[in-house]
Amino acid sequence: MRQQLFEIAVSARLFIEPIWHEWHRALGSHPAIASRHTCGRSSLFLVEVLRHEGVAALWVSGVPRLSEQGPEIGPYGFYAGDRWESHAWVSCDAWIVDITADQFGADPVVVARAGDSRYSAGERDTTLPAHVAARRKAVDDLWPKWLAHRAASPST
């Protein structure tokens, strides 16, 4: 299962990488790492890709927050070695699949066992409703391009 998830994730990432540049240009940003600030949309896209391939997948996120015990940051999101970062990824049964972890210095595609200490899901998506709708629209707009890409790929 891990190898199948990895291959699908690599294919999805290779397809979406040029799209990240479009998303950044639309916002007037040019981060040094193209996956920066794309995890929500990219992970939702990956969920759709995995489901299309017959793999049950869920969108997951975590946003660091103040601890109830004091000013420390709560353990949610992706642990980047010295701090928790807001992040979104995909959960597939006993696996975590992440195609934007390189924004935090990890590998570009991560397929790790559920429970990997770098990942901690929040209780709910804390994104504003307008941003949730924009995330969904970005994936809906991208989906026909993905289907055309897959249809044109002889190896699929």
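Here is a short walk through the sheet, the helices packed on it, a few individual residues and the largest pocket of this predicted model.

**The sheet**

Let's start with the strands. Four of them make an open sheet, arranged in the order 1-4-5-6, and the pairing is antiparallel. Strand 1 (58-62) and strand 6 (110-113) sit at the edges with a single partner strand each, so one side of each has no neighbour in the sheet. From one strand to the next, the twist averages 35 degrees.

Look at the strand 6 end of that order for a bit of detail. Strand 5 (residues 95-98) pairs with strand 6 over four bridges, in the antiparallel sense. Pick out Trp 95, and its bridge partner in strand 6 turns out to be Arg 113.

**Helices on the sheet**

Now for what packs on those strands. Helix 1 (residues 2-27) lies across strand 4 (87-92), strand 5 and strand 6, and runs at about 15 degrees to strand 5. Helix 2 (residues 39-52) also packs on the sheet, where it touches strand 1, strand 4 and strand 5. The direction of helix 2 makes about 15 degrees with that of strand 4.

Ile 16 is a handy residue to follow here. It belongs to helix 1, and its relative accessibility of 0% is under the 20% cut-off, so it counts as buried. Setting aside neighbours within four places in sequence, Ile 16 is in contact with Trp 23, Ser 42, Phe 45, Ile 99 and Leu 142. If you'd like a distance to go with that, Ile 16 and Glu 48 are 32 residues apart in sequence and 13 Å apart in space, C-alpha to C-alpha.

**The loop between helix 1 and helix 2**

Two residues in this loop are worth a look: His 37 and Thr 38. Thr 38 is buried, with a relative accessible area of 0%, whereas His 37 counts as exposed at 58% relative accessibility.

What does the side chain of Thr 38 reach at 2.6 Å? The partner is the backbone oxygen of Ser 35. Not counting residues up to four places away in sequence, Thr 38 also touches Trp 20, Trp 23, His 24 and Thr 100. Trp 23, then, turns up among the contacts of Thr 38 and among those of Ile 16.

His 37 has a backbone point of its own: its phi is positive, although the residue is not glycine. Asp 93, found in the loop between strand 4 and strand 5, likewise has a positive phi in a residue other than glycine. Here are the two together:

| Residue | Phi | Relative accessibility |
|---|---|---|
| His 37 | near 65 degrees | 58% |
| Asp 93 | near 55 degrees | 72% |

At 72%, Asp 93 is over the 50% cut-off and therefore counts as exposed.

**The largest pocket**

Finally, the open space. The largest pocket has a volume of about 320 Å³. Which residues are closest to its centre? Of the 17 that line this pocket, they are Cys 39, Gly 40, Trp 59, Thr 127 and Arg 135. As for the elements involved, helix 2, strand 1, strand 4 and helix 3 (129-152) each give two or more residues to the lining. Helix 2, strand 1 and strand 4 have come up already: helix 2 packs on the sheet and touches both of those strands.

Note on methods
Residues numbered from 1 in each chain as written. Predicted model: local features only at pLDDT ≥ 70, side-chain atom pairs only at ≥ 80, totals over all residues. Heavy atoms only, no water. Pairing = 2+ DSSP bridges. Axes fitted to C-alpha atoms, helices over the stretch in contact; angles between N-to-C directions. Contact = heavy atoms within 4.5 Å. Buried < 20%, exposed > 50% of the residue type's maximum accessible area, 1.4 Å probe, protein only. Polar contact = N/O pair within 3.5 Å; in protein donor to acceptor, adjacent residues only side chain to side chain. 1 Å grid on protein atoms, 1.4 Å probe; cavity = no way out; pocket = protein on both sides within 12 Å on 5 of 7 lines; lining within 4 Å. Points joined across faces, edges and corners; volume = space filled by probe spheres on them.
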